[in-house]
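Here is a walk through a two-chain protein model, going from the chains to the contact between them and then to the empty space inside. Keep the structure open while reading.

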Amino acid sequence: MRGSELKYTLFLIKRNPLIMVGFMIVGTMVLLGVLAPFIATHDPEDMVFSDRLKPPSWKHLLGTDDNGMDIFSRILYGIRLDLAIALAVVAMVSLFGTLLGVVSGYYGGVIDEVIMRIADVFLSFPYLLLAMAIAAALGPGVFNSIVAISVTWWPVYARLARGATLAVKEMSYIEASRALGGGDLHIMLRHILPNIVAPILVQATLDMGNVILEAAALSFIGLGAQPPQAELGLMVSLGRGYMRDYPWVSLFPGLTILIMVLGFNLLGDGLRDLLDPKVRRKLL
Amino acid sequence: MKIHHYILRRLLLLIPVLLGTVTITFFLIYLVPSNPARLIAGPRATGEQLEKIRLELGLDEPIYIRYFKYLGRLLKGDLGRSILTRRPVLDDLLTFFPATLELTLVSMLIMVPLGIFFGVLSAVKRNSALDHIIRVFALSGVSMPVYWFGLILLLVFYFKLGIFPGPGRLDPHIVPPPTITGLYIIDSLLAGRWDAFINSIEHIILPAVTLAYATTGMTARITRSSMLEVIGAEYIRAAKAKGLSPREIILKHALRNALIAPVTFIGYEFGYLLAGAVLTETIFGWPGLGRYAVEAMTNVDFPAVLGVVILTTFVYVIVNLIVDIAYVIIDPRIRLGKGE
């Protein structure tokens, strides 16, 4: 992206209130997650049974759960954990999927067929269900849920990267590089990859929200994080039985998931519009 | 290419997709754990119990043999026996599937008209406050933890206001209608059981709304962008030039063409609903496939898990096939080109 392009994009971002809101939400969440140990008022796994199911007060800002654990502090650590899970998954699938997609698009032929048909089969599953099945087979736990989600998620990136590679492959600078004696690996890493990064980054931003939702869902049904870990989906699940009389136990963790995921979706949605030349013109 | 050639081709293509699905799920589920028998039996099981489970699952044989045996039985409609319920998995699936089907269908009845209505509204009033509100509604739908939304609805409409009944498909004192389709709403109508009919509708509203929220938003967004594209087209300008009222233009000319996009998307959304049903059913005590799946997964009931994933994927793939075929029939512009 040239300097003037970049400036123009920044200008468009500033003019778009929804992107700005998304950006602020994501920024706040990242800050809260990173600074969790300093902001938290209590140890997130400290059970004080004399303080069970207390409503929000100055001592416990968002109340306590049925084990007397401080919900405010647990939410902070929950944000931290869920962001970390999402980051791990997105980093893994975008790297792995993109590499497969670039190889697939660059070489074409049999390699392309094999990779893309496997990707197709993965995409024909309802992905949450497959992730749940894999998580069940692996056994519950945070690490296993990261693996389970990643296994189902890479095809999205493989397809995206393959399409982008096909578009870039025929450019004259690729031909120039080959004429200068550039090998396949050199061309893929130095010339193709940098030119397909933008759509992949947008997809990654959009996926952060989706992965958080899925990781929380896995924990909610008991296949992800385990008690007394501070994970947002698990916290909603633990408060389920207390919904009638102590709604805050489930209410605040779920609301946090909603706000955090909404932030990523606002940001990703806006970024996608900005990078789409067709929409970009209309934004003026 | 003729339409029946296209359909035949698509049906033949189903075979590798379904085979791929079964293969991938089978190997992922049975290869991943280092010791499935231990996982099922739990940490305190004796060696004897472990051995029994190993034999029951056929774990003493190499995996590829088990895979081919599984495929062979699958062709005969045998999905194995559930470890948890001790019944054939297929019988279990057939028992639980109608409840999920009913829930999914009612969700679609809510989602399709509402989503299209919101989509048209936000396209017509583009960039107005209303458009922004609908956009935020749509985005919050896909950002919502479904199970949490269900809990909130239960809290407000069941615990606090008492407008809707709580979990389950019927109140405990109401006898279920005789099974014909397995869908309580239809069965009770067929049997002339008005009490069960009204009660089953009351019970399905909260879970169906919970499940429909996300996809309603998606439908609205897709309808909006496809409407915007159509509104800019030449023939709409021609209709304006003829002096037709905006209402007539939108309803008679634009909407009909703009609807193609959301209709084809319904197949994708159906998959979303099937997966969402797992979480929704957990919250609302809905005795469907989703709850069966969660039970199976948390108890490492491998044959049942495999059965649920295979059945759901089959349904999903077939619904998408039907949508694709409908798409070709509805829209004559789609060229059944070479290679496609």
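**Cavities, contact and buried positions**

The lining of the second largest cavity is made of five nonpolar and two polar residues, with no charged residue among them. The model is a predicted one. This cavity has a volume of about 50 Å³, and the residues around it are V146(B), T210(B), L211(B), A214(B), Y272(B), L273(B) and G276(B). Two elements of chain B each give two or more residues to this lining: helix 9, residues 194-231, and helix 12.

A search of the whole structure turns up three cavities of 30 Å³ or more. The largest of them has a volume of about 70 Å³. Which residues line the largest cavity? Chain A supplies L129(A), while T100(B), L274(B), A277(B), V278(B), L289(B), G290(B), A293(B), V308(B) and T312(B) come from chain B. Helix 12 (260-284), helix 13 (289-298) and helix 14 (302-330) of chain B are the elements that give two or more residues to it. By class, this lining counts seven nonpolar and three polar residues, and no charged ones.

Helix 13 of chain B deserves a separate look. Seven of its 10 residues are buried, so the helix is mostly covered. The buried ones are L289(B), G290(B), Y292(B), A293(B), V294(B), A296(B) and M297(B). Of these, L289(B), G290(B) and A293(B) also appear in the lining of the largest cavity. An α-helix has 3.6 residues a turn, so residues three or four places apart point the same way. After helix 13 of chain B comes V300(B), which has a positive phi, near 45 degrees.

L129(A) leads from the largest cavity to the contact between the chains. This residue, together with A137(A) and R244(A), supplies 14% of the area that chain A buries against chain B, more than any other three residues. The two chains bury about 4000 Å² between them, and 78% of that is on carbon and sulfur atoms. The contact takes 44 residues from chain A and 46 residues from chain B. How many salt bridges are there between chain A and chain B? The count is two. In a salt bridge between R135(B) and D269(A), the side chains meet at 3.1 Å, N to O.

Next, the chains one at a time. Chain A has 13 helices and zero strands. Along the principal axes, its C-alpha atoms fill a box of roughly 75 × 45 × 30 Å. Of its 284 residues, 52% count as buried. Among the contacts in chain A with a separation of 6 or more, 71% are between residues 24 or more positions apart.

For chain B the secondary structure comes to 14 helices and zero strands. Its C-alpha trace spans about 85 × 60 × 40 Å along the principal axes. Chain B has 340 residues, of which buried residues make up 51%. Contacts between residues at least 24 apart account for 72% of those in chain B that join residues at least 6 apart in sequence.

Three single positions show how residues sit within these helices. T256(A) is in helix 12 of chain A, residues 248-275. Is T256(A) buried or exposed? T256(A) is buried because its relative accessible area is 10%, and the cut-off for buried is under 20%. Leaving aside neighbours within four places in sequence, T256(A) is in contact with M29(A), I75(A), I79(A) and L232(A).

S200(B) has its place in helix 9 of chain B, one of the elements that give two or more residues to the lining of the second largest cavity. With a relative accessible area of 2%, S200(B) is buried. Not counting residues up to four places away in sequence, S200(B) touches R169(B), L170(B), Y184(B), I185(B) and S188(B).

L101(B) lies in helix 5 of chain B, residues 89-124. At a relative accessible area of 26%, L101(B) is partly exposed, a class that runs between the 20% limit for buried and the 50% limit for exposed. L101(B) and L183(B) are 82 residues apart in sequence, yet their C-alpha atoms are 7.7 Å apart in space.

Note on methods
Residues are numbered from 1 along each chain as its sequence is written. Chains are lettered from A and ligands numbered from 1 in the order in which they are written. This is a predicted model: local features need pLDDT of at least 70, side-chain atom pairs count only at pLDDT 80 or more; totals for chains, interfaces and linings use all residues. Side-chain values use heavy atoms; hydrogens and water are left out. On a 1 Å grid over the protein atoms alone, a cavity is a set of points where a 1.4 Å probe fits but cannot get out, and a pocket is an open set with protein on both sides within 12 Å along at least five of seven lines; lining residues have an atom within 4 Å of a point. Grid points are joined across faces, edges and corners, and a volume is the space filled by probe spheres set on the points. Helices (H or I, at least four residues) and strands (E, at least two) are DSSP runs, numbered from the N terminus. Ala, Val, Leu, Ile, Met, Phe, Trp, Tyr, Cys and Pro count as nonpolar, Asp, Glu, Lys and Arg as charged, and the others, Gly among them, as polar. Buried means under 20% relative accessible area, exposed over 50%, partly exposed in between (1.4 Å probe, protein chains only). Contact means heavy atoms within 4.5 Å. Buried area is the accessible area (1.4 Å probe) that two parts lose on being put together, summed over both. A salt bridge is a side-chain nitrogen of Lys or Arg within 4 Å of a carboxyl oxygen of Asp or Glu.
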